[in-house]
Amino acid sequence: MGRCDGSTPLLGAAMSMQQRIEIALELHFSHIQALSAPPRLMSAMRHAVFPGGARIRPQLCLAVAKACGDDAPALSDAAAVAIELMHCASLVHDDMPCFDDADTRRGQITVHKLYGEPLALLTGDGLIVMAYQVMVRAGRLHPARLADLISTISDGVGAPDGIVAGQAWECETKVALSQYQRAKTGALFVAATCAGAQAAGVDPAPWRALGEALGEAYQVADDIRDVMGQAEILGKPVGQDAEHGRPSAAADLGLAGALAYFQKLMDAAVNSVPACANRQAMQQLVRLESERLVPQSAYEQIQRHVAVSKHRANA
């Protein structure tokens, strides 16, 4: 087993990690390119993945792997790629008419709008299967780690508590907000932190709390931006939670309450980083992600909104 004592500095490494992810994604896409493949399916799958968003889940996976020594970088890359492919697949399906019927995603037209619903459905399916192909291909050199990695990623996606379950909760008449958020968003963040440790041969249990806190915080931030109408940050249409009657921290707690809860979760994420040589650097990365998710300008905007609401209520 590896140890959580990696010596690679993490601060300032976000760009290099993102470049590493892009290179790994391109590499694994090259493995499925063939003259025998339906060209529009291949094009749609690439459209769903490139260009990417923040790639926060795979970056988180690689950051944990680095903190734990990253003694099998090809396996760490594969785990990060698999998690991103699963995430992209969920976005393709989430955007379809049976769910959000969204026109844009990551600033470009959605797959179903560009390629039609049948190919959008197949694109999501293809990306899910591709994630497993990536893991099997990379895992041949590390068979002792492969089974646990596949189990971790599968748990983050499927039933009973993965992102598929999170999407399915939108089809139920009643669901607790925390349960919905843990499945809808948190599960794949947990998979990212745990898979990063497992790829490096380290016990994933100490890294689970970081994934849980970050995942829930990410969903709360998404809820806040959806209400505030920050489409350019979300990369998708705003007002979707209210339109589709979805559970929302902003709706349940109000904007000020949701903001306070977000900060509480990010503080928990910072404190949950387990002991390792790069603990302070990892904690700083979490703080930087907090500012990216909900910048200071958003705090100020919400404070003004609360002040105006109180003034109107007392008028």
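**Cysteines**

I began with Cys-61 in this predicted model, and found that its sulfur lies 10.0 Å from the closest cysteine sulfur, in Cys-194, which is too far for a bond. Cys-61 counts as buried, because its relative accessibility is 0%.

I then looked up Cys-171, whose closest cysteine sulfur is in Cys-98 at 8.4 Å, again too far for a bond. Cys-171 has a relative accessibility of 61% and so counts as exposed. A disulfide is a covalent bond between the sulfur atoms of two cysteines, and my search of the whole structure for such bonds gave zero. For the two cysteines I noted the reason is distance, because a disulfide needs the sulfur atoms within 2.5 Å, whereas Cys-61 has its closest partner at 10.0 Å and Cys-171 has its closest at 8.4 Å.

**Salt bridges**

I searched the whole structure for salt bridges next, and the count came to 14. One of them joins the side chains of Arg-20 and Asp-77, with 2.4 Å from N to O. This pair links distant parts of the chain, since Arg-20 sits in helix α1 (residues 14-30) and Asp-77 in helix α4 (residues 73-95), 57 residues apart. I also checked accessibility, and both Arg-20 and Asp-77 are buried.

Helix α4 came up again with Glu-84, whose side chain meets that of Arg-106 in a salt bridge of 3.2 Å, N to O. Here too distant parts of the chain are linked, as Arg-106 belongs to the loop between β1 (104-105) and β2 (108-109), 22 residues from Glu-84 in helix α4. Is each partner buried or partly exposed? I noted Arg-106 as partly exposed, because its relative accessible area is 21% and the buried class ends at 20%; Glu-84, at 1% relative accessibility, counts as buried.

The third pair I wrote down is Lys-113 with Asp-103, at 3.4 Å from N to O. Lys-113 lies in helix α5 (residues 111-115) and Asp-103 in the loop between α4 and β1, ten residues apart, and the pair is another link between distant parts of the chain. Lys-113 counts as partly exposed at 41% relative accessibility, and Asp-103 counts as partly exposed at 43%.

I also recorded a network of salt bridges that links Asp-94, Asp-95, Arg-105, Glu-170 and Lys-184.

**Gln-167**

Two members of that network, Asp-94 and Lys-184, turned up when I listed the contacts of Gln-167, which, apart from its neighbours within four places in sequence, touches Asp-94, Phe-99 and Lys-184. Gln-167 is placed in helix α8 (residues 163-169), and with a relative accessible area of 13% it is buried.

**Second largest pocket**

I looked up the second largest pocket, and its volume is about 370 Å³. Its lining has 18 residues, and those nearest the centre are Asp-161, Arg-182, Ala-187, Val-190 and Arg-208. The elements giving two or more residues to this lining are α7 (143-157), α9 (177-199) and α10 (208-228). Which element gives the largest share of the lining? I found that α9 does, with eight residues.

**Confidence**

Last, I checked how far the prediction can be read: the mean pLDDT of the protein is 88, and 89% of its residues reach 70 or more. Over residues 5-12 the pLDDT is below 50, although this stretch has 23 contacts in the model beyond near neighbours in sequence. Where pLDDT is low, the predicted coordinates should not be read in detail.

Key: Residues are numbered from 1 along each chain as its sequence is written. This is a predicted model: local features need pLDDT of at least 70, side-chain atom pairs count only at pLDDT 80 or more; totals for chains, interfaces and linings use all residues. Side-chain values use heavy atoms; hydrogens and water are left out. A salt bridge is a side-chain nitrogen of Lys or Arg within 4 Å of a carboxyl oxygen of Asp or Glu. Helices (H or I, at least four residues) and strands (E, at least two) are DSSP runs, numbered from the N terminus. Buried means under 20% relative accessible area, exposed over 50%, partly exposed in between (1.4 Å probe, protein chains only). Contact means heavy atoms within 4.5 Å. pLDDT is the predictor's confidence in each residue, from 0 to 100. On a 1 Å grid over the protein atoms alone, a cavity is a set of points where a 1.4 Å probe fits but cannot get out, and a pocket is an open set with protein on both sides within 12 Å along at least five of seven lines; lining residues have an atom within 4 Å of a point. Grid points are joined across faces, edges and corners, and a volume is the space filled by probe spheres set on the points.
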